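Reader: I'm new to this one, so please take me slowly through a single part. I'd like to know where empty space is left and what packs around it.

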Amino acid sequence: MFLLGTLVNAGLIVVGTLIGRLLNRIPESMKTTVMYAIGLSVIVLGLQMGLKSDNFLIVIISLVMGAVLGELMQLEERLNQLGLWLEKKMGSIGKGAVGNGSIAEGFVNATLIFVIGAMAIIGALDSGIRGDHDVLYTKGLIDGFTSIILTTTLGIGVIFSAIPVFLYQGLIALFATQINTIIPEALMDQFIVEMTATGGIMIFAIGLNLTGLVKIKVANLLPAIMITGIIVTVLYQYHSYF
């Protein structure tokens, strides 16, 4: 079953959120300190990923062009609107019960943290091509633990991030066989390296947001992943011919 890893990953996010929701007696000062700890950890993770690029110029160009497209498409606003719609549907559930964050805030931040990264793509490809779910099982455990901590500070909205995680990874796994036959392995490897670095910068930005130092519209940077794929493909074809 090629979707097993994705199902487990999404399920662990849900379980982690429900566990985090039970931890509703954490003092406010502790929640604040925990949020700073999460933010700092995410910053370090983003730095580690960002430094893996073989050609940082690709990362810079991708982020700049991605930011322009994201602003034009207003991705951050649309994602927040979806979160606010979920908040209205949920009514008062989750508000104030766990953490100070709104459902929209929890949904947006958790979605970006869980979706951006190489593990999602590599794990989904392994599930679809080889039926090996180990990477997604590992990612699921990490995401599940992270969702516990996020829920104590950002609220029940974290649980809805399981939906885009399932759709994103599920689609990659679904088309993995076709991807494997169409895209050369060398090109895929190069894309994953540069995508990891580009995604790492976004995760770094998420960490800054969680610490409250700045407010970067990280969702508006998401098109950079697509731009990275285009640039890497063009460079690969160029080097193949010359």
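Author: Let's begin with a term: on a 1 Å grid over the protein atoms alone, a cavity is a set of points where a 1.4 Å probe fits but cannot get out, and its lining residues have an atom within 4 Å of a point. A volume is the space filled by probe spheres set on the points, which are joined across faces, edges and corners. This is a predicted model, where local features need pLDDT of at least 70 and side-chain atom pairs 80 or more, while totals for chains, interfaces and linings use all residues. Numbering starts from 1 along each chain as its sequence is written, and side-chain values use heavy atoms, leaving out hydrogens and water.

So, how many cavities of 30 Å³ or more does the structure hold? Just one cavity reaches that mark, and the largest cavity takes in about 60 Å³ of space. Around the largest cavity you'll find Glu76, Val108, Asn109, Leu112, Ile206, Asn209, Lys215, Ile216 and Val218. Two elements, α5 and α10, give two or more residues each to that lining. The biggest contributor to the lining of the largest cavity is α5, with three residues. Sorted by class, the lining of the largest cavity has five nonpolar, two polar and two charged residues (Ala, Val, Leu, Ile, Met, Phe, Trp, Tyr, Cys and Pro are nonpolar, Asp, Glu, Lys and Arg charged, the others, Gly among them, polar).

Now for α5 itself, a good helix to follow. It covers residues 103-115 (helices are DSSP runs of H or I, at least four residues, numbered from the N terminus). One partner of α5 is helix α7, residues 134-154: the two pack at an angle of about 155°, with their axes 11 Å apart. That makes α5 roughly antiparallel to α7 (over 145 degrees; under 35 is roughly parallel). On the α5 side, Glu105, Gly106, Asn109, Ala110, Ile113 and Phe114 do the touching, and they meet Lys139, Asp143, Thr146, Ser147, Leu150 and Leu154 of α7 (contact means heavy atoms within 4.5 Å). The α5 contact with α7 is a mix of five nonpolar, four polar and three charged residues.

Another partner of α5 is helix α8, residues 162-174: here the angle is about 30° and the axes lie 9 Å apart. That makes α5 roughly parallel to α8. Phe107, Thr111, Phe114 and Val115 of α5 make the contact with Pro164, Val165 and Tyr168 of α8. By class, the contact of α5 with α8 counts six nonpolar, one polar and no charged residues. Phe114 of α5 turns up in the contact with α7 and again in the contact with α8.

Next come the pockets, which are open sets of points with protein on both sides within 12 Å along at least five of seven lines. The largest pocket has a volume of about 550 Å³. Which of its 22 lining residues lie nearest its centre? Those are Leu45, Met49, Ile113, Ile142 and Ile203. Helix α5 helps here too: α2 (28-50), α5, α6 (118-129), α7 and α10 each supply at least two residues of the lining of the largest pocket. That lining divides into 14 nonpolar, five polar and three charged residues.

The second largest pocket comes in at about 440 Å³. Its lining has 21 residues, with Thr111, Val115, Pro164, Tyr168 and Leu222 nearest the centre. Two or more residues apiece come from α4 (75-90), α5, α8 and α11. The largest share of this lining, five residues, belongs to α4. In class terms, the lining of the second largest pocket has 19 nonpolar, two polar and no charged residues. Look back at the α5 and α8 contact: Thr111, Val115, Pro164 and Tyr168 are among its residues, and they also lie nearest the centre of the second largest pocket.

One last pair is α10 (residues 185-211) and α11 (residues 223-241), whose axes come within 9 Å and cross at roughly 145°. Their contact includes Phe191 and Met195 in α10, and Ile225 and Tyr236 in α11.

Notes. Axes are lines fitted to C-alpha atoms, for helices over the stretch in contact, and angles run from 0 to 180 degrees between N-to-C directions. Angles under 35 degrees count as roughly parallel, over 145 as roughly antiparallel, 65 to 115 as roughly perpendicular and the rest as oblique.
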